[in-house]
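This report describes a protein chain together with its ligand. The sequence and the structure are shown here.

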Amino acid sequence: MTDPIPMRRAVEFIDLGRQQRRIRDRLDAAVARVLDHGAYIMGPEVGELERKLSAFCGAKHTLSCANGTDALVLALMAKGLKPGEAVIVPSFTFCATAEAVAMLGGVPVFADVLEDTYNMDADSLKAAVLTAREQGLPLAGVITVDIFGQPCDYDAIEPIVRENGLWLVCDAAQAFGAVHRGRPVGTIGDLTTTSFFPAKPLGCYGDGGAVFTDDDETMAVLKSLRVHGQGSDKYDNVRIGMNGRLDTVQAAILIEKLAIFAEELEARAQVADRYDALLPPALARPALLPGCTSAWAQYTLRSGARDALMKRLKENGVPSAIYYAKPLHRQRAYQHYPVAGGALPVTDRLMETVFSLPMHPYLTDEDQRCIADAFGAEVVATQAAAE
Ligand SMILES: Cc1ncc(COP(=O)(O)O)c(C=O)c1O
């Protein structure tokens, strides 16, 4: 066994401290402004953030909200999802994607993903449409997930959505800031949702989220839904809604973080490129679709020797994590829902092989050299044998 390699300094999986140190003065001033004006709910920073997010991604409207899960629920409510209606979602995702459907009484139908991008497979989407029809489920729409920061192959997915008369909600909780062949995330599909959970590429210091749409009428409905379905005023209720507002303090923090986000996205892309160049040749790299960029929420590898590799990294002080160890169609809460064509072989395989390396915009070349070295030639040989 090769000796552990001493790390010069601890590498964190997601290091929020380095970013905070960079903009701490501006964050302190932004929070102080909110404390001074005292408009903690829907203060001026909320509207300012929404305008800045729209300008950043090119969406006509942005509705900020309490978290990425509420963003999905709001989007589905705006689309009028009814109990019993089916919505096709990937199984290889965080539970919130399917949870939002089930919470409204809808039926998630799970589709498979592609082995190299981990994003929804268009052929499996077609199979999911057939499965829903065979089971007599009225199909309403599709939620794609731009997993780990990369947009799905929308050129393949959108025609299938259209041909079947469905709506498309893009769950971009991990992908705000990415671009699909000239179209920024936020402008694809009928609605796009995102999350500002602290660990996301654009994160606040608590929970936060947003919904993006180009449609004026949808935006009016979303605004009403966010505040208990309000009509002309606070005490006029015209529909069932929720309390889904983003706190003013979080909006103030996000404004400061958004100001450096474009730079951070570039730094993330450089970190990914450096990993691509530095990692031992036997390891598979994440695949990017031609003409697309990723927000690089995660840098995720696949290996038949995952456990040995992760153990070796840990021994050398390098954190790694598995997203996702158990896909949704195998979770107790979701295992009774339909699965496209009866099986999701790629998702099942990924569950056994994927693992993610430290990823944040402040990883240095030196950090990454240590991470790459930490794999150790011997363990990488084991991995090559396991492929
Ligand atoms: C793909 C995906 N969808 C939805 C969510 C939910 O976002 P939130 O935690 O802000 O509710 C997440 C968060 O991890 C996510 O990764």
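The text below treats the overall fold, the ligand site and two backbone features in turn.

**Overall fold**

The model is predicted. The protein chain contains 13 helices and 11 strands. The C-alpha trace of the protein chain extends over about 70 × 60 × 35 Å along its principal axes. For 387 residues, a compact globule would be expected to have a radius of gyration near 21 Å, and the protein chain, with 21 Å, agrees with that value.

**Ligand site**

The ligand occupies the largest pocket. Two elements, α3 (68-78) and α4 (96-103), each give two or more residues to the shell around the ligand. Of the elements, α3 contributes the most to this shell, with 3 residues.

In total, 15 residues surround the ligand, and the closest are Gly68, Thr69, Asp171, Ser195 and Lys200. Sorted by class, the shell around the ligand consists of 5 nonpolar, 8 polar and 2 charged residues.

Three polar contacts that involve an oxygen atom of the ligand are listed in the table.

| Protein residue | Protein partner atom | Ligand atom | Distance |
|---|---|---|---|
| Glycine 68 | polar backbone atom | oxygen | 2.7 Å |
| Glutamine 174 | N or O atom in the side chain | oxygen | 2.9 Å |
| Serine 195 | N or O atom in the side chain | oxygen | 2.7 Å |

Thus glycine 68 approaches a ligand oxygen through its backbone, whereas serine 195 does so through its side chain. Glutamine 174 likewise uses an N or O atom of its side chain. As for burial of the ligand, the protein covers 92% of the 400 Å² of accessible area that the ligand has on its own.

**Backbone features**

Two places in the backbone deserve a separate note. The peptide bond that joins tyrosine 323 and tyrosine 324 is cis, with omega at about 10 degrees. Tyrosine 324 lies in the loop between α10 (306-315) and α11 (345-353).

The other feature concerns phenylalanine 148, which has a positive phi of about 60 degrees although it is not a glycine. Phenylalanine 148 is also a loop residue, placed between β4 (139-145) and α6 (154-163).

Key
Residues are numbered from 1 along each chain as its sequence is written. This is a predicted model: local features need pLDDT of at least 70, side-chain atom pairs count only at pLDDT 80 or more; totals for chains, interfaces and linings use all residues. Side-chain values use heavy atoms; hydrogens and water are left out. A residue is near a molecule or strand if one of its heavy atoms lies within 4 Å of it. A polar contact is a pair of N or O atoms within 3.5 Å; within protein, one must be able to donate a hydrogen and the other to accept it, and residues adjacent in sequence count only if both atoms are side-chain atoms. Accessible areas come from the Shrake-Rupley method with a 1.4 Å probe; for residues, only the protein chains shown count as cover. On a 1 Å grid over the protein atoms alone, a cavity is a set of points where a 1.4 Å probe fits but cannot get out, and a pocket is an open set with protein on both sides within 12 Å along at least five of seven lines; lining residues have an atom within 4 Å of a point. A molecule sits in a cavity or pocket if more than half of its atoms lie within 2 Å of its grid points. Helices (H or I, at least four residues) and strands (E, at least two) are DSSP runs, numbered from the N terminus. Ala, Val, Leu, Ile, Met, Phe, Trp, Tyr, Cys and Pro count as nonpolar, Asp, Glu, Lys and Arg as charged, and the others, Gly among them, as polar. The radius of gyration is taken over C-alpha atoms; the globule rule is 2.2 Å times the number of residues to the power 0.38.
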